[in-house]
Amino acid sequence: MHSRQLLRQSLLRHPVLVLLTILMGFSGALFNGIGTVLIVPILLELLGQASSLMDQLPDVLRQFLGFFDQFPENQRLAAMTFAVVFMIVLKNAAAYAGSLTSSSLNRKLAANLRLDGLRILLDVDLSYYTRTKVGDLINHLNVEISRTTVAVRTLARMAIAIITILVFIGILLWTSWQLTLIATVALGLVALINQTAIRQSKVFGKELSHLSRLYSSRIVEILSGIRLVKATANEASEYHTISQLINDREQSEYHAQLLFAGIGPINEVCSIIALISVATVGRTVMGDRLETFSAILLTYLVVLFRMLPSIGQLNAARSQLANTLPSVAIVSEFLSRSDKPFMQSGSRSFLGIKQGIHFNNLSFSYPGSEQPVLRGIDLYLKRGTTLALVGASGAGKSTLADLLPRFYDPDGGRIEIDGVDLKQFDIQTFRRRLGIVSQDTFLFNASVRENLVYGRPEATEAEIEDAMARANASEFILALPDGLETLIGDRGVLLSGGQRQRLAIARALIQDPDILILDEATSALDTISERLVQKAIDELSRDRTTLVIAHRLSTVQNADQIAVLDRGKVIETGVHSALLNQDGPYAQLCAIQFSEQMKNRDELKTADLEISDPKQALTHPSKEMRSRLGSILEILGQLTEKDMQNERSREEMTASAYANTLDLLKVVEDFEKSGQRVLRSAPLS
Ligand SMILES: Nc1ncnc2c1ncn2[C@@H]1O[C@H](COP(=O)(O)OP(=O)(O)O)[C@@H](O)[C@H]1O
Ligand SMILES: [Mg+2]
């Protein structure tokens, strides 16, 4: 969309308000003009010059005065004075009404532009967000849209100034076209002088938009990365960077102010010089007939004088418009739909899966990148079963999972559900039947309940409680200060990773999706939380069509099918035991992970034998001991639960408790040794 198009559309959107604003401006100008010309005869009357000069008044004035002939001679002056005052009152009433309509135009316009922007932000494809900064978008929605409404309002102000000037020029032409010719030349020169200021104003406007964009992007980035800023002790340098931006913006605004504030005085001085030139030239031209023309000249100068403020306003408005036009350009680009990606939705309602999902020969590369991320993927996910994707980081697992909710569409091949291309389904009905739990759970800054029912607001109390229980989340939720009504986030309770994850699972359970995508849902958790979350996930994915990506291979052993991805290609598929027997890539991945786990354990056991700081020698082992004890207690707690019937997990957990107890013993031993060492090295006083 072009800037001019946006301005025109904005004006056309509120035709009544725009017309009222201009109508008020026009009537104000008319009342102002009539009031102004009537001053001349009153002045002449008061100066006792009426009888000699009345006949020489310009035609236009004599016509107005004709109206007052109906009054008796002795009341005529009073009637005229009253008329002047009345006209000025009317003019100000019109100005008042005009400023009300124009500010209401301003508000409505800002609200509408913001709604348009919001619509676009919600509709546009995810890929738009990977190449746009959130700070920029917030800046567009706030600052640039405000400045755009200022531009529209300035346009209305310009229209009013132009109408006023035209009315006055009409009167001036009627009074004397010769003098008007001279005045036009003189005031045209004043307008030319303004041209430099207008050009400069545009430069400042661009600069301001640029700086305000940088500023808001940086602020958003710092706030979302505040942990990193603090962890790297970068507060001072961030403060410095932003204070630089704030200063630059302040300077830019100051320069624009210097310019705006200068326009008024310069215009006034120039206009007065123009006025005097008109008087001088007029006097010279009419030299011999001055007697007869003095009344005309007087009327002319009074009208011209009253017109000067409007000319000043017009010039100021031109400069203001030039300053805000860069923002109009930014907003028109932001609101334009043609240069943004939108996902085309199909028309078929999605009613569930009967057979399965076929990833049919998919290939994909991210927009703007040549590198293929997926190549010839061919997989089948049968209804009610679980397909696990494994492979090195960067292999393309998450990308493949993102194609299912149509966050992106494949470049080649297609995803079919029961033989129907995914693109034929209505995207919203499909996504509603889809549950996604990923590594970083997003929770809104709202109550636990609001977060739980986000996917299905109409869930009943019983459904919520059931989901909480199945997600292993009832206990901690009910222990929160306000239970389900507790606020999460900055004003409320902060939850641990495992708790957030269980909330996300409960949310998915309430949503009761047909298809489930789990993208490394447990990889950010420690072993104990993982066990709790894994139980919840098993509950969630039971009998559901599930696509699971797991970093820890131990969690996908039970999948109905495992696919190993490598650099965008499926290199092996099968079930856990068969894949292990094949001794191929999957077996290798398992071996690598197993040896890493062993190494970590050994490192843990031999770590920190060298602690020399006595304080640390005390706190470190005590922390270790507490963590081991915590794990053991947690496992014992789970073992006593009634639903622990699965013999295999019972064995696993007992083994884990045993390993933890051994670790605990080891820590106590180390503690004893290092304690002796510290005692030996510390000087006895
Ligand atoms: N939004 C994106 N834009 C461009 N490239 C991306 C984007 N997301 C991921 N990639 C690239 O795609 C490849 C696969 O990434 P991903 O699917 O996240 O792998 P995995 O989940 O298996 O670790 C990587 O090389 C990564 O750099
Ligand atoms: Mg991933």
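**Entry 1: second largest pocket**

I looked up which domains line the second largest pocket in this predicted model. I found that domain 1 (3–335) and domain 2 (356–444 + 506–594) each give at least three residues to the lining. For the volume of this pocket, I noted about 2100 Å³.

I then listed the lining, which holds 38 residues. Nearest the centre of the pocket I recorded Leu126, Phe407, Arg431, Ile436 and Tyr454. Sorted by class, the lining has 22 nonpolar, seven polar and nine charged residues.

I also asked which helices and strands supply at least two residues of this lining. The helices are α5 (73–123), α6 (126–130), α12 (397–403), α13 (427–432) and α17 (497–511). The strands are β6 (434–438) and β7 (515–519).

**Entry 2: domains**

I checked how the chain is divided and noted domain 1 (3–335), domain 2 (356–444 + 506–594) and domain 3 (607–681). Domain 2 is thus written as two segments, 356–444 and 506–594. Between the C-alpha centres of domain 1 and domain 2 I recorded 61 Å.

**Entry 3: ligand 1**

I next turned to the residues around ligand 1. The shell includes Thr130, Tyr366 and Val373. I also listed Ala392, Ser393, Gly394, Ala395, Gly396, Lys397, Ser398 and Thr399 in this shell. By class, I have four nonpolar, six polar and one charged residues around the ligand. Helix α12 provides the largest share of the shell, with three residues; α12 (397–403) also supplies at least two residues to the lining of the second largest pocket.

I then looked up contacts to oxygen atoms of ligand 1. At Gly394, a polar backbone atom lies 2.7 Å from an oxygen atom of the ligand. At Gly396, the distance from a polar backbone atom to a ligand oxygen is 3.0 Å. At Ser398, the contact is made through the side chain, where an N or O atom is 2.7 Å from an oxygen atom of ligand 1. For the ligand taken alone I noted an exposed area of 560 Å², of which the protein buries 59%.

**Entry 4: cavity**

I asked how many cavities of 30 Å³ or more the structure holds. I found one. The volume of the largest cavity is about 40 Å³.

What lines the largest cavity? I listed Leu403, Arg406, Asp409, Pro410, Arg414, Ile415, Asp421, Leu422 and Lys423. By class, this lining has four nonpolar and five charged residues, and no polar residues. The charged residues in my list are Arg406, Asp409, Arg414, Asp421 and Lys423.

Terms used:
Residues are numbered from 1 along each chain as its sequence is written. Chains are lettered from A and ligands numbered from 1 in the order in which they are written. This is a predicted model: local features need pLDDT of at least 70, side-chain atom pairs count only at pLDDT 80 or more; totals for chains, interfaces and linings use all residues. Side-chain values use heavy atoms; hydrogens and water are left out. On a 1 Å grid over the protein atoms alone, a cavity is a set of points where a 1.4 Å probe fits but cannot get out, and a pocket is an open set with protein on both sides within 12 Å along at least five of seven lines; lining residues have an atom within 4 Å of a point. Grid points are joined across faces, edges and corners, and a volume is the space filled by probe spheres set on the points. Helices (H or I, at least four residues) and strands (E, at least two) are DSSP runs, numbered from the N terminus. Domain bounds come from an automatic or database domain assignment. A residue is near a molecule or strand if one of its heavy atoms lies within 4 Å of it. A polar contact is a pair of N or O atoms within 3.5 Å; within protein, one must be able to donate a hydrogen and the other to accept it, and residues adjacent in sequence count only if both atoms are side-chain atoms. Accessible areas come from the Shrake-Rupley method with a 1.4 Å probe; for residues, only the protein chains shown count as cover.
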